[in-house]
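Q: I'm just starting to read protein structures, and I'd like a close look at one helix. Could you take me through the helix that comes earliest and show me how it sits in the rest of the protein?

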Amino acid sequence: MPGKSMSQPPQSGTRPVNALTTVSAPSHQGWLEQTLQLALTHRQQGGRPFAALLVRDNQLVASAVNRMLEAGDPTRHAELEALRTASQHGPLKGAVVYASGHPCPMCLCALVMNGISAVYYAFDNEDAAPFGFDSSAAYAALRLPLSPPPLPLIKLPSPIPAAALYGPQSHD
Ligand SMILES: [Zn+2]
C-alpha cells in the first residue's frame with residue numbers, strides 16, 4: 001500500500017517470494033478458520049454447524065453453510081451448496097474446498113465428480129461422533145474405504161475444540 005510506514009522491522013509476508021505467490025492471500029489454515037467462523041455463526045443462528053468455502057487460484061469463489069434445517073432438504077450440505085454457487089461462476093475442476101467437517105459420502109462423491117483437487121477440513125468423523133454429527137455409518141453402509149482417499153483429504157489443526165462447534169449452544 002502506498003504511504004505505508006515501515007518503522008517496524010518486516011515480519012512475515014514481506015520476504016521476497018517466487019513469482020505467482022500471492023503474499024497477502026490466506027493460507028490453507030486461514031481459509032479453514034474462515035470456514036469454521038462461518039459454521040459457528042450459522043450454528044448460533046440455529047442452523048446445522050457446517051460450512052464450506054470453494055477457492056480457486058487462492059480466490060474465494062463461494063462460501064456456503066448447511067441449509068438442511070432451513071430448507072427441509074437433507075441434501076443441502078454445505079459442500080454441495082458451495083458447488084452449486086461456484087458453478088455459476090466458472091469451472092469447478094482444480095478448485096480447493098475447505099470444510100468445517102470431514103465431507104460425508106454424498107458430498108465427497110460430488111467433489112470427486114467435479115474435479116475438486118483437494119479438501120481441507122477441521123473435524124473428522126471421530127471428532128463429530130460424540131455429538132451425532134458424523135457420517136461414519138454412511139461410509140460403513142456404502143463400504144467406502146478412505147484409504148487411500150479418492151482425492152487429498154487433509155485435516156488441519158482447529159483453533160477451537162469440536163465441542164465449541166458441535167456441542168450444546170447456550171440457548172439450548
Ligand atoms: Zn455432506
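A: Let's begin with two words we will need: a residue counts as buried if 20 or more other C-beta atoms lie within 10 Å of its own C-beta, and as exposed if 12 or fewer do. Keep in mind, too, that this is a predicted model.

Now for the setting. The protein has seven helices and five strands, and along the sequence they follow the pattern α-β-β-α-α-β-α-β-α-α-β-α. Of its 172 residues, 33% are buried.

Our helix is H1, which covers residues 28-44. Its 17 residues reach 24 Å from the first C-alpha to the last, close to the 24 Å expected at 1.5 Å a residue.

Which residues of H1 are buried? They are Trp31, Leu32, Thr35, Leu36, Leu38, Ala39, His42 and Arg43. If you look down the axis of H1, these buried residues fall within an arc of 160°, so they line one face of the helix. A general rule helps here: an α-helix has 3.6 residues a turn, so residues three or four places apart point the same way. The face of H1 turned away from the buried side carries Gly30 and Gln44, which are exposed.

What do the buried residues of H1 pack against? Their partners are strands E1 (51-56), E2 (59-65), E3 (96-101) and E4 (118-123), together with helix H7 (162-166). H1 lies across E1, E2, E3 and E4, and runs at about 145° to E1.

Those strands belong to an open sheet of five, in the order E2-E1-E3-E4-E5, with mixed pairing. E2 and E5 (153-155) stand at the edges with a single partner strand each, so one side of each has no neighbour in the sheet. From one strand to the next, the twist averages 20°. At the E5 edge, E4 and E5 run parallel and are joined by three bridges; Tyr120 has Ile154 in E5 as its bridge partner.

Packing of this kind can link parts of the chain that are far apart in sequence. Among contacts in the protein with a separation of 6 or more, 54% are between residues 24 or more positions apart.

Finally, look at what comes after the helix: H1 is followed by Gly46, which has a positive phi, near 100°. To picture H1 as a whole, then, think of a helix with a buried face packed against four strands and H7, and with Gly30 and Gln44 exposed on the face turned away.

Technical notes:
Residues are numbered from 1 along each chain as its sequence is written. This is a predicted model: local features need pLDDT of at least 70, side-chain atom pairs count only at pLDDT 80 or more; totals for chains, interfaces and linings use all residues. Helices (H or I, at least four residues) and strands (E, at least two) are DSSP runs, numbered from the N terminus. The expected span of a helix is 1.5 Å times one less than its number of residues. The arc is that of the directions from the helix axis to the C-beta atoms. Two residues are in contact if their C-beta atoms, placed from the backbone, lie within 7 Å. Two strands pair if DSSP finds at least two bridges between them. Axes are lines fitted to C-alpha atoms, for helices over the stretch in contact, and angles run from 0 to 180 degrees between N-to-C directions.
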